Amino acid sequence: MKYNYKKEIIRGVEYKYTAEWIYDLESEEHWRLYWNQQKLMQNKVSSGDNVLEIGVGSGFTANYLKSKGINVKTLDIDRGKKPDIVANLVEYQFPDHYDHVLAFEVFEHIPFVEFKGVIEKISNVCKKYIFLSIPRNEKVWLQFDFQLPIIGKRELRFVTLNGKVTEPAHFWEIGDGSVSINDFEQELFKCGLTILAKMKRFSRIFYALGVNRVDSD
């Protein structure tokens, strides 16, 4: 489906974004991605915790967490998604600290060279865990679900690397020829982040990261 993208130029880089898709019925796959977000946070995020969600999306994740007694503040470049903070992540200087930071399907929307500075800023204001997902540059040729005794429902997908980024608002994707999974994870390690969980669902790679903060007195 085609959308009309808004454009904003920061430091000579054009960023594209749109809120139009949040008013459409999302695909079953997208709803299952929301479930995976919650599963990733299970037993790590608790009632009363303070969370910053970067990238509001449809608002589902923030609303679900709020229903569990979790304090959520949202940040997004797009005013149309009604975030608490309207800002471009590249320029934004975080004035507060949070127990956890969420950034699902966010970082591909900024140049990878800018991601390096952004993830460092986030690691400096996060006390416990960072949860994020990034896209893998896949072309899906065949996909189907099947049911196995005892094991339950499983999914089989036949994919190849697409070789180029086709999403207008993405600057990069894992395996697109410019950014590898090693490139991405090395930037996490440089910030002192520890990979506590990593899983691939559909064409996204999910991470739960531990923050090793050293606070000075």
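Let me start with a pair of charged residues: Lys200 and Glu138 form a salt bridge, and their closest N and O atoms are 2.9 Å apart. Lys200 sits in strand S10 and Glu138 in strand S8, residues 138-148, so this pair ties together parts that are 62 residues apart in sequence. On the Lys200 side we have a partly exposed residue, with a relative accessible area of 37%. Glu138, on the other hand, is buried, at 13%.

Before we go on, please keep in mind that this is a predicted model.

Let's step back and look at the whole protein. It has four helices and 11 strands. Taken along the principal axes, the C-alpha atoms fill a box of roughly 55 × 45 × 35 Å. How does the radius of gyration agree with that of a compact globule? For 217 residues, such a globule would have a radius near 17 Å, and the protein has 17 Å, so the two agree. Of the 217 residues, 46% count as buried. If we take contacts with a separation of 6 or more, 60% of them come from residues 24 or more positions apart. As for the outside, the accessible surface comes to about 11800 Å², and 50% of that belongs to carbon and sulfur atoms.

Now, back to the charges. Side chains of opposite charge can pair when their charged atoms come close. How many salt bridges does the structure hold? There are eight. You have met one of them, Lys200 with Glu138. Another is between Asp78 and Lys6, with the closest N and O atoms 3.5 Å apart. This pair also links distant parts of the chain: Asp78 is in the loop between strand S4 (71-76) and strand S5 (85-86), while Lys6 is in strand S1, 72 residues apart. Asp78 is buried, with a relative accessible area of 0%, whereas Lys6 is partly exposed at 43%.

A local pair comes next. Lys190 forms a salt bridge with Glu187, at 3.2 Å between the closest N and O atoms. Both belong to helix H4, residues 181-190, and because they are three residues apart there, about one helical turn separates them. Is each partner buried or exposed? Lys190 is exposed, with a relative accessible area of 62%, and Glu187 counts as buried at 8%. There is also a network: salt bridges that share partners join Glu29, Glu105 and Arg204.

Here is a charged residue that does things another way. Lys121 is in helix H3, residues 112-125. It is buried and yet has no salt bridge. Which side chain of opposite charge is nearest to Lys121, then? That would be Glu114, and it is 7.6 Å away. A salt bridge needs the nitrogen and oxygen within 4 Å. What the side chain of Lys121 does reach is the backbone oxygen of Val90, at 3.1 Å. Leaving aside neighbours within four places in sequence, Lys121 is in contact with Leu89, Val90, Glu91, Tyr92, Gln93 and Phe94.

Leu89 turns up again around Val106. Val106 lies in the loop between strand S6 (98-104) and H3, and it is buried, with a relative accessible area of 11%. Not counting residues up to four places away in sequence, Val106 touches Ile54, Gly55, Leu89 and Ser133. From Val106 to Ala19 there are 87 residues in sequence and 14 Å in space, C-alpha to C-alpha.

Next, a look at the backbone. Most residues other than glycine have a negative phi. Arg11 is not a glycine, but has a positive phi of about 50 degrees. You will find Arg11 in the loop between strand S1 (6-10) and strand S2 (13-17), and it counts as exposed at 56% relative accessibility. Phe202 has a positive phi too, about 55 degrees, and is not a glycine either. Phe202 is in the loop between strand S10 (193-201) and strand S11 (204-211). Unlike the exposed Arg11, Phe202 counts as buried, at 7% relative accessibility.

My last stop is Asn36, in helix H1, residues 28-41. At 5% relative accessibility, Asn36 counts as buried. Its contacts, without residues up to four places away in sequence, are Met199, Arg201 and Phe206. Thanks for listening, everyone!

Conventions: Residues numbered from 1 in each chain as written. Predicted model: local features only at pLDDT ≥ 70, side-chain atom pairs only at ≥ 80, totals over all residues. Heavy atoms only, no water. Helix = DSSP H or I, 4+ residues; strand = E, 2+ residues; numbered from the N terminus. Buried < 20%, exposed > 50% of the residue type's maximum accessible area, 1.4 Å probe, protein only. Lys, Arg positive; Asp, Glu negative; His and termini not counted. Polar contact = N/O pair within 3.5 Å; in protein donor to acceptor, adjacent residues only side chain to side chain. Contact = heavy atoms within 4.5 Å. Rg over C-alpha atoms; globule rule 2.2 N^0.38 Å. Areas by Shrake-Rupley, 256 points an atom, 1.4 Å probe, with all protein chains shown as cover.
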